[in-house]
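Work through the exercises below with the sequence and the model open side by side. Each task is followed by a solution in steps.

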Amino acid sequence: MSELFAYPDDREEASAAQVKALEALLIEKGVITGSTVDKVLGYFESEMTPLNGKKIVARAWVDPEFARLLATDTPKAIAQLDLPEGMAGAEGEHIAAVVNEPGVHNLVICSLCSCFPWPVLGLPPYWYKDPVFRSRAAREPRVVLAELGVELDDDTEVRVWDSSGHSRWFVVPARPSGTEGWSEEQLAELVTTESMIGVALAGPAA
């Protein structure tokens with residue numbers, strides 16, 4: 001991670017403390033209840049989570065027909081899987097997948113704010129919303145990817161997809177080599193949120 005993306009070591013702790021204080025205030029004022037907070041958190045742990053995206057990518061890796069449908073009609077492909085209800089709900093409208101392939105690497109950003117396909121990837125990481133990341137990734141994606149450890153051949157095309165309320169993109173990363181014969185469950189373990197944004201590669205295989 002470059003200095004431009006660096007934050008103080010206590011950033012997460014400081015943010016957590018602020019959120020905790022706000023939560024306590026809202027509960028004290030009667031705006032929300034503790035059970036409401038627990039319910040919302042549980043929803044993002046069990047319903048809207050990157051676990052859904054991992055399953056989608058793993059299926060695409062083992063099923064070429066599913067992969068083709070995912071690239072052309074993402075909601076229809078997702079509907080074939082046994083995933084939690086609400087995949088087309090909040091922030092799930094207009095989900096679209098882009099597929100990495102030899103000579104093409106995809107990167108997803110949101111240059112306006114933090115549009116993100118919640119049902120597939122969960123909530124966006126804090127750096128995804130950072131103005132520095134958003135602007136630099138749009139202007140010099142290859143440089144930013146290299147800083148994040150994704151070294152691409154010079155002849156690899158980098159395609160940047162700008163998410164919005166009309167299109168919420170996610171990446172189907174390339175399947176790591178050496179995974180022939182792996183089960184979907186094993187393959188899903190190789191997929192990360194970062195690889196489905198395009199700032200990392202899937203794998204490697206053990």
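The exercises cover the core, one helix, the cysteines and the salt bridges of this predicted model.

**Exercise 1. The nonpolar core**

Task: Find which residues in the largest nonpolar core touch the most other members, and which helix gives the most to this core.

Solution:
- Step 1. The largest nonpolar core has 46 residues, and the members that touch the most others are Ile 56, Leu 70 and Phe 170.
- Step 2. Five residues of this core come from helix α3 (residues 50–62), which gives the most.
- Step 3. Take Phe 170 and leave aside its neighbours within four places in sequence: Phe 170 is then in contact with residues including Ile 56, Leu 70, Ile 95, Val 98, Leu 121 and Met 196. Thr 74 and Pro 117 are also among the contacts of Phe 170.
- Step 4. As background, nonpolar side chains in soluble globular proteins tend to be buried together.

**Exercise 2. Helix α7**

Task: State which residues of helix α7 are buried, what they pack against, and which residue caps the N-terminal end of the helix.

Solution:
- Step 1. Helix α7 spans residues 131–139, and its buried residues are Phe 133, Arg 134, Arg 136 and Ala 137.
- Step 2. These buried residues pack against β2 (104–109), α8 (141–147) and β3 (157–162).
- Step 3. The N-terminal cap of α7 is Asp 130, with a side-chain oxygen 2.6 Å from the backbone nitrogen of Val 132.

**Exercise 3. The cysteines**

Task: Determine how many disulfides the structure holds, and explain why Cys 110 and Cys 113 do not form a bond.

Solution:
- Step 1. The cut-off is a sulfur-to-sulfur distance within 2.5 Å.
- Step 2. For Cys 110, the closest cysteine sulfur belongs to Cys 113 and lies 3.8 Å away, so the two are too far apart for a bond.
- Step 3. For Cys 113, the closest cysteine sulfur is that of Cys 115, at 3.8 Å, again too far for a bond.
- Step 4. The structure therefore has zero disulfides.
- Step 5. Compare the surroundings: Cys 110 is buried at 1% relative accessibility, whereas Cys 113 is partly exposed at 38%.

**Exercise 4. Salt bridges**

Task: Say how many salt bridges a search of the whole structure finds, then find which residues are joined with Arg 136 into one network.

Solution:
- Step 1. The search gives four salt bridges.
- Step 2. One of them joins the side chains of Glu 184 and Arg 59, at 3.0 Å from N to O. Glu 184 sits in helix α9 (residues 184–188) and Arg 59 in helix α3, so this pair links distant parts of the chain, 125 residues apart.
- Step 3. Both partners are partly exposed: Glu 184 has a relative accessible area of 28%, and Arg 59 has 27%.
- Step 4. Arg 136 is buried, at 6%. Its side chain meets that of Glu 140 in a salt bridge of 2.7 Å, and Glu 140 is partly exposed at 25%.
- Step 5. Arg 136 also forms a salt bridge with Glu 147, at 2.9 Å. This second pair connects helix α7 to helix α8, across eleven residues. Glu 147 is partly exposed, at 28%.
- Step 6. Through shared partners, Arg 136, Glu 140 and Glu 147 make up one network.

Note on methods:
Residues are numbered from 1 along each chain as its sequence is written. This is a predicted model: local features need pLDDT of at least 70, side-chain atom pairs count only at pLDDT 80 or more; totals for chains, interfaces and linings use all residues. Side-chain values use heavy atoms; hydrogens and water are left out. A nonpolar core is a set of buried Ala, Val, Leu, Ile, Met, Phe, Trp, Tyr and Cys residues joined through side-chain atoms within 4.5 Å. Buried means under 20% relative accessible area, exposed over 50%, partly exposed in between (1.4 Å probe, protein chains only). Helices (H or I, at least four residues) and strands (E, at least two) are DSSP runs, numbered from the N terminus. Contact means heavy atoms within 4.5 Å. A polar contact is a pair of N or O atoms within 3.5 Å; within protein, one must be able to donate a hydrogen and the other to accept it, and residues adjacent in sequence count only if both atoms are side-chain atoms.
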